[in-house]
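Work through the exercises below with the structure open beside you. Try each task before reading its solution.

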Amino acid sequence: MGMIVRMWVVWALGWLVGLGAAVAGEPTGAPLLRLETGMHTAMIRRIATDAAGRWAVTASDDKTARIWDVASGEPVGVLRVLQDGGNEGELRAVAMSPDGTQIAVGGWSEPFNNDIYLFDRATQRLLRRISGLPNVINHLAYSPDSRWLAAGLWGQNGVRVFDHASGQEVGRDSNYGGDSYSVEFSPKASPGGLRLLSTSFDGQVRLHAVVAGRLTLLKTLHPGGGARPYSARFSPDGRWVAVGFYDSRVVQVLDGQDLSERARPEVSGVDNGDLGRVSWSADGRSLVMAGEWGVGGKRSMRRWSVGDWSWLGDVPLSGDSVMDLVALPKAAGGGWLFAGADPVWGVVTAQGQVTRRREGALADLRDQPDQLHLSADGRQLRFGYAQWGKAPYRFDTNRRALTPETASAESTLRPARFEAPELVVKDWKNNTAPTLNGQPVQLEQHEASRSLAIAPDVQGFALGADWRLRFFDRTGKERWQQPVPGAVWAVNISADARWVVAAYADGTIRWHRLDNGKEVLAFFPHADRQRWVLWTPEGFFDASSPDAEDLIGYHLNRGKDREGEFISAAQLRDRFYNPALVTARLTPDGDRLMAAAVQRLGDVTALLENARNLPPQIEIVSVGDTVSGEEDVEVTFRLTDLGGGVGAVQLYVNGSPVKGRQTGLSHGSTYTHKFPLVPGTHKIQATAKSRGGVESVPTAPLTAIISGPKRAGTLHILAVGVETYQDPKLRLQNSAADAERLAAEIARRAEPVFPQRVAKPVVLKNEQATLAGISAAFDTMSRRFQPEDTLVVFLAGHGEAAIGQYTYLPWDFKRGAPGAVGEGLNEARLLDMLQRSPAKTLLLLDTCDAGGMVDMLEKSYLRLEQRAIIGASRRGELAREGYKGHGVFTAGLLQVINRSDGEEVTPLELLPQVERVVKRISGEMGGSYQQRVSGFVGRANFPVVKR
């Protein structure tokens, strides 16, 4: 067996050993963190389709079933059942009704109360459960008329048949001596009526007659090709039965009526693994089988011609075990669906070509015990994206950077220590019997250790295994153990003896405290080697980009008779997106900062436990998906409270936020908004928040087509500069002059871009720039904004980025004062102002800690097509003053826009040019500190000035 299938058997044994006398209980109400890559993150056990081959559905150990469009290979929906820690919720079986309307899934649910879940395919809603099965459900199959549903069970529990409409059991055969992994009804046209074919690890293939759902045993046979028949399938005409074995490479073809042997297709060259998964082609002309057998590292499918059983060829399918094969009908092009343990699924054409292949998105951290390297403080690590540590990358939590590893950087990070004279650990790699100084190290029965790291002081060692991460002292006494999300493929200990860092089979790398094993931080690098997400158990997170925020989220159980809910990290952005806090988590001050953040904002469990604060459903009330009009378009939205209350509505035009209604909405409310739109084609969407601030997923877009010629836009400028603060301790030198000069220069240089359409700049200096004064000035200006306009906002003065948010300090700011004055122009207020503007926007910040604003607003701004932020400094860094009467950043801006080259300047071009000039000016000023610009400009290519 391959590694993943071996792990499957080991996990199963471990569950049975650890379960003891467990009984069914209520599902957890705690939110369960889950990866969400748009594809399965663990072995795909089964795949199924409808009679027309329109949809495929896959079931996985990752506790989801996923629906796919067969023609395109694109995802359609996700089915979520009751889940908990450990194995509960793993899906081992799936079937789709022949008409494609319903999907049945089952597997490992409540201990000794395993359920079959019946879902509506179109809505992904749970219709009902079939409860009380005695053990894990291994396989499901519908009868051709969708009336009956059969289940093959684990252990000596045999098969059950249920009335699909009522869920009532109508037939069973429990006289089985082993696991049943295959059940199938005969085709409708089979002679003698409907039959049920099943296999069992007791060595037998059984054939039952099905009358009104009740089972009558017709024939049982030990086929002889192997001791454990895994799958058996009727040919499309019911004439033949093909059998594949878990423990053999023999393929047997039996008579469909009496199970007598009729043929053994040629298996020459099949010299490893097995061919346990079997399927006929829809036209009955070909037979295919696959499983553990492979050539050149690829598990392959063998094809034969039915009748003469000649060998037609082999098709490589998967890097690990092929778990299931299902025929596609002629209407869908024929061929087969396949599912593999990688995880992977795809289509094999009738000609033997693999198409529409969908693979997992995890880093393959297997066999890397010596490839997980750490910096002394544990804040930088090296790992390989591919097995054996190939494709090495470095992740730096300080810089929030994922980069390819280079040989020159290798010496700064250290691998795990495996040897020490005082601690001789042997037989720890892929072994169930590790030893310390010749004495056994205690693991659970059947559990294998996978990785080792000896502590820097040689007073103990971390051992990573299949089911636990453990730490032992130098005598072999276990100090702590932690359950794990998958086998611990690598482990290392930081030189400062604070962190045990482990790389897991689920593609994550996690930091645990050395003293007690508690997890404090987790990292998921997407297989595209660009996206990543970093999070804490409290729910605070950082991500490489907005699309990376959807890579994690929380499964919420909503009761036994409702489908589960998934809340992505992106839906929690307002409360939990906090790069500064996450970056500081591993620092000596990390515990204090985290405690303060939790006291102020709470944690994700408090927010989501027992499915509290579910966001409302919001939908566009419109006929069709397109409206046409003249500039102003009215759209009505309807809201449905799902239990968390109804909070603010956020509107979007072409991905850019537009201020929506904030209060006064409730369950069943409708809300109409008038969108002023310029001529062209626009996409309108909306989200709604619960009262706790959890955001819904966006509505399906409504297309608005506006006729008429393109209109010229106006440039608006708001410049704010504060140097003589009300608090004399905050006094600066150049900020007021910077605001006045820069506003005048931008207005002058913008005239060629906006002929006769540059509005008089609004400049607020010193005592004019109170928080109320800034807000009032913006409110007045915003009444004139149109979608075709451009807005430049410049803020000069003090800025600071405390944990949680950036704040620009207005003239009347008083630290610690109650209310708005003590809060300043914080990130929330600034974002609120900008969202009320439909104009293209450039935000310029000449303050210290400007990178904090970039960090906080970047993720929201990335939704905007034409918005940009450029700041004078990075988070935690200073913005210098005193260069020819200006701040360094303002001086750089003035030099760039005052060049005389006849070029139009966009934010895309402005950022790198200002970076270069600021670096040069900072160097001219001398000193050890070099000022660095921060910014995000996305695709903001609108012109601002012409030089």
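The exercises that follow deal with ring pairs, a sheet and two helices in a predicted model.

**Exercise 1.** Classify the ring pair of Tyr230 and Tyr246, and say where its two residues lie.

Solution. Start with the total: the structure holds 20 aromatic pairs. In the pair asked about, the ring centres are 6.3 Å apart and the planes stand at 25°. Centres within 6.5 Å count as a pair, and planes under 30 degrees apart count as stacked. The pair of Tyr230 and Tyr246 is therefore stacked. Next, place the residues: Tyr230 is in strand β18 (residues 229–234), while Tyr246 is in the loop between β19 (240–245) and β20 (251–255). The two are 16 residues apart, and the pair links distant parts of the chain. Both Tyr230 and Tyr246 are buried.

**Exercise 2.** Classify the ring pair of Phe395 and Trp532, and find how far apart the two are in sequence.

Solution. The distance from centre to centre is 5.0 Å, and the angle between the planes is 65°. Planes over 60 degrees apart count as edge-to-face, and the pair of Phe395 and Trp532 is of that kind. Phe395 belongs to strand β32 (residues 390–396) and Trp532 to strand β45 (residues 532–535), so the pair ties together parts 137 residues apart in sequence. Phe395 and Trp532 are both buried. They also belong to a cluster linked by ring pairs, together with Phe383, Tyr385, Tyr393 and Phe523.

**Exercise 3.** Name the arginine that lies over the face of Trp55, and the one over the face of Tyr230.

Solution. Over Trp55 lies Arg121, at 3.5 Å from the ring centre. Over Tyr230 lies Arg277, at 4.3 Å from the ring centre.

**Exercise 4.** Describe the sheet that contains β32, and find its edge strands.

Solution. The sheet is open and has four strands, in the order β30-β31-β32-β33, with antiparallel pairing. Its edges are β30 (373–374) and β33 (401–404). Each of these has a single partner strand, so one side of each has no neighbour in the sheet. Now look at β32 and β33: four bridges join them. Phe395, met in Exercise 2, has Leu402 in β33 as its bridge partner.

**Exercise 5.** How do the axes of helices α6 and α11 run relative to each other, and what is the handedness of their crossing?

Solution. Helix α6 covers residues 735–750 and helix α11 residues 888–897. Their axes come within 11 Å and cross at roughly 15°. Angles under 35 degrees count as roughly parallel. Helices α6 and α11 are therefore roughly parallel to each other. The crossing of α6 and α11 is left-handed.

Note on methods
Residues are numbered from 1 along each chain as its sequence is written. This is a predicted model: local features need pLDDT of at least 70, side-chain atom pairs count only at pLDDT 80 or more; totals for chains, interfaces and linings use all residues. Side-chain values use heavy atoms; hydrogens and water are left out. Rings of Phe, Tyr and Trp (its six-membered ring) pair if their centres lie within 6.5 Å; planes under 30 degrees apart count as stacked, over 60 as edge-to-face and the rest as tilted. Buried means under 20% relative accessible area, exposed over 50%, partly exposed in between (1.4 Å probe, protein chains only). A charge sits over a ring if NZ of Lys or CZ of Arg is within 6 Å of the ring centre and within 35 degrees of the ring normal. Two strands pair if DSSP finds at least two bridges between them. Axes are lines fitted to C-alpha atoms, for helices over the stretch in contact, and angles run from 0 to 180 degrees between N-to-C directions. Angles under 35 degrees count as roughly parallel, over 145 as roughly antiparallel, 65 to 115 as roughly perpendicular and the rest as oblique. A crossing is left-handed if the near helix is turned anticlockwise from the far one by less than a right angle, and right-handed if clockwise.
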